[in-house]
Amino acid sequence: MALEKQEQRPAAEKGEHIVARHLIEDDSIKEEKNLVIDGVDVSGRWNTFILSRVDSEFDRSFFREIKDTVVGSRINRCWQCGMCTASCTVTPLYRRFNPRAFIYMMQLGNLKELKKYIDVAWRCVGCYKCSQRCPKQVNPAEMMEALGLVIKKYFPEEVHSKLKVDEDVKKIYDDMIIGHGRLDLAKLHTSAMQKTGRTKELLGKIERDAIFKMAKDGRAFSILRLGKPHNWSRSKEAIENYLKNLNTIENGGTGV
Amino acid sequence: MSENILVVGGGPAGLNAAVMLSELGVNVALVERDSFLGGNPKKFKYKFLFPDMQPADNVIGELIKKAEAGGGIKVYYSSEISDFKENGKKFDVTLKSADGSEKKTFDSVIVATGFEHFDPARDAKYSYQLFDDVIDIKDLERMMGENNFVRPSNGKPPKKIAFILCVGSRDRHVGNQYCSRVCCTVSVKQAIELREHFPDCEAYIFYMDIRTYGFFEDLYWQAMEEYDVQIVKGRIAEITSGPDNTVICKGEDTLLRGPFEIPFDMVVLASGMEGGPQSPEISSKLGIELDEHGFLKPENITLSPFKSNKPGIFLAGACTGPKAISDSITEGAAAAMNAYTYAVKNR
Ligand SMILES: Cc1cc2nc3c(=O)[nH]c(=O)nc-3n(C[C@H](O)[C@H](O)[C@H](O)COP(=O)(O)OP(=O)(O)OC[C@H]3O[C@@H](n4cnc5c(N)ncnc54)[C@H](O)[C@@H]3O)c2cc1C
Ligand code: SF4
Ligand code: SF4
Ligand code: SF4
């Protein structure tokens, strides 16, 4: 069957002849303005094709590609328990940012699915809470870096058009990560309680008792001991310099 | 002259080994570090046992009665091995108790020193002992055993309870990669008991896998089909305090894709089994091998799970890894058979 494709029709009109059009995603409709099959002109409503809605393969080549990167080398360990997503700093802000689900999509090479999340996929703030919790030591924080690499490689145009700096994330990043080298859990906790209108509980009996018990059995000190990463002042300086340069470039209009 | 065999540990495995040996006419010394027999089931007052919910007394009480009936068994309560030496094919052992020390020679030895419950306070994310209403499955067994099945914080019946599986098991951070085998079944069993006791109380089980292997699966089906226990797929990453004296479980519903923070008025952690401090202690005292999980290592895990690497020293029960009471009792009998054969051969 010889298919002579011509000029793609604009997406807005895509699939206008399909009954229950709302059930089908744009990406699943293939349609040409003028199409000739085996010499017969099938322009008009006959050239609308709907791709199968059933996935017909797991693409392991993609999995191997990720596994070969330094940051993605532990992709084979993940068993989808969800502890990373549950402890993630960003997920409560962006429910669609889901480290566990992203890792699964990468494991199965489901780029079609990953593509839907380009706008949020890069939002990891690198707090490493997920890696601290992950029972398999997948190091999901670094898997998010692998994700970034993948997206940049396979969807360069979408990345360019969809990424915008977000004020919420930027603030968390500036205040905590740059300031302390890690997220300040006490501060996060306090602000979460404030946001949900539960400030009173901060000094309630349960919280006080918990603090007392944690001080007594040493857990509080092990948390305090986390401290800043070793020699953080130098890393901090480097990051600040980098950001300054970045701003200069952005303001100069050259883009990154 | 009859054989002398030493059994270390008076839990289900050690008890059954001792009882079997005494039926063969052997003189058994049963050494137990606690002041009572029955092991963990007795210590934590297990009331009804999986898989068939029979009263624990049917099993544990029965074994204790036989062991304490005299016969060929001499029980050393609150005792331990203070000295252990090989003497040819036999063993010279000093047993120490409050009454003093006693030196004896044994033809063979059975180690049945069992397991310890994982202490959930070691994994800070679960806030165990920080909030009164966060307990674990052994605490709940004991509460039910003492007919004191209420919220620890206020003495009232719970209205909404969460079970969290795999606490202290299958987690590289706590150092235990293995599955503790019984905690899934214990949890569904307890959920059933809870719903029977408090029909108004909702029960949820947070799981990654539910491993009610073999016939234990019946309880899992029963929990869902007869008791409306709801399962939610996702491991809990954090427990915090919530409003109105609740505790909040933070996790991800991995099927719906999305984080949740749900308040419960009671949380039960399915803490797993560990080799405990006794396993390395016994290992170095008797010169037998320890495995990479912190339990005692059988000579061949498939061919001879009841033998240690040292001739004449046999293993039974949860000291070689997590297992149910029926397996522990079976291994007690297997170790008894082997210890007896060894003793007779080297008489
Ligand atoms: C919460 C919970 C509920 C459970 N419920 C069930 C159930 O319903 N049904 C079921 O089939 N299984 C159940 N199990 C599993 C069951 O508890 C074990 O299979 C069983 O206790 C193992 O028996 P054991 O004799 O090997 O060890 P243990 O019961 O641990 O007994 C070991 C004994 O050895 C003694 N000991 C240890 N070290 C020394 C030493 N150095 N010197 C002298 N003595 C020593 C200990 O004091 C103890 O008395 C449950 C487990 C848990 C965690
Ligand atoms: S490191 Fe990234 S993915 Fe991990 S918890 Fe922090 S923000 Fe979430
Ligand atoms: S916590 Fe680890 S194992 Fe669990 S889903 Fe996340 S990356 Fe996978
Ligand atoms: S038996 Fe169930 S709860 Fe226990 S470790 Fe295994 S999977 Fe987890």
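**Ligand shells, sheet and helix packing**

Ligand 4 is surrounded by ten residues of chain B that are named here in full: Leu165(B), Cys166(B), Ser169(B), Arg170(B), Cys179(B), Ser180(B), Arg181(B), Cys183(B), Cys184(B) and Arg211(B). The elements of chain B that give two or more residues to this shell are strand S12 (160-167) and H5. The model is a predicted one, and the points below take up the ligand shells, the strands and a helix pair in turn.

**Ligand shells**

- Sorted by class, the shell around ligand 4 holds five nonpolar, two polar and three charged residues.
- Around ligand 2 there are 13 residues, of which the closest are Cys88(A), Cys124(A), Cys127(A), Tyr128(A) and Cys130(A).
- The shell around ligand 2 is made up of eleven nonpolar and two polar residues, with no charged residue among them.

**The five-stranded sheet of chain B**

- Five strands of chain B form an open sheet with parallel pairing, and their order across the sheet is S5-S2-S1-S9-S20.
- Strand S5 (73-76) and strand S20 (313-315) of chain B are the edge strands, each of them pairing on one side only.
- On average, and with direction ignored, neighbouring strands of this sheet are turned by 20° against each other.
- Within the sheet, strand S1 (residues 4-8) of chain B runs parallel to strand S2 (residues 27-31) of chain B and is joined to it by five bridges; Leu6(B) has Ala29(B) as its bridge partner in S2(B).

**The hairpin of S16(B) and S17(B)**

- Strand S16 (residues 246-253) and strand S17 (residues 258-264), both of chain B, run antiparallel and are joined by seven bridges, one partnership being that of Cys249(B) with Ile262(B) in S17(B).
- Four residues lie between S16(B) and S17(B) in this hairpin, and Arg257(B), which sits in the turn, has a positive phi of about 65°.
- As a rule for regular strands, the side chains alternate between the two faces of the sheet.

**Packing of H5(B) and H6(B)**

- Helix H5 (residues 183-197) and helix H6 (residues 217-225) of chain B pack at an angle of about 35°, their axes being 9 Å apart, and the crossing of H5(B) and H6(B) is left-handed.
- H5(B) contributes Thr185(B), Val188(B), Lys189(B) and Ile192(B) to the contact, while H6(B) contributes Leu219(B), Tyr220(B), Gln222(B) and Ala223(B).
- Five nonpolar, two polar and one charged residues make up the contact of H5(B) with H6(B) when they are sorted by class.

Key. Residues are numbered from 1 along each chain as its sequence is written. Chains are lettered from A and ligands numbered from 1 in the order in which they are written. This is a predicted model: local features need pLDDT of at least 70, side-chain atom pairs count only at pLDDT 80 or more; totals for chains, interfaces and linings use all residues. Side-chain values use heavy atoms; hydrogens and water are left out. Two strands pair if DSSP finds at least two bridges between them. Axes are lines fitted to C-alpha atoms, for helices over the stretch in contact, and angles run from 0 to 180 degrees between N-to-C directions. A crossing is left-handed if the near helix is turned anticlockwise from the far one by less than a right angle, and right-handed if clockwise. Contact means heavy atoms within 4.5 Å. Ala, Val, Leu, Ile, Met, Phe, Trp, Tyr, Cys and Pro count as nonpolar, Asp, Glu, Lys and Arg as charged, and the others, Gly among them, as polar. A residue is near a molecule or strand if one of its heavy atoms lies within 4 Å of it.
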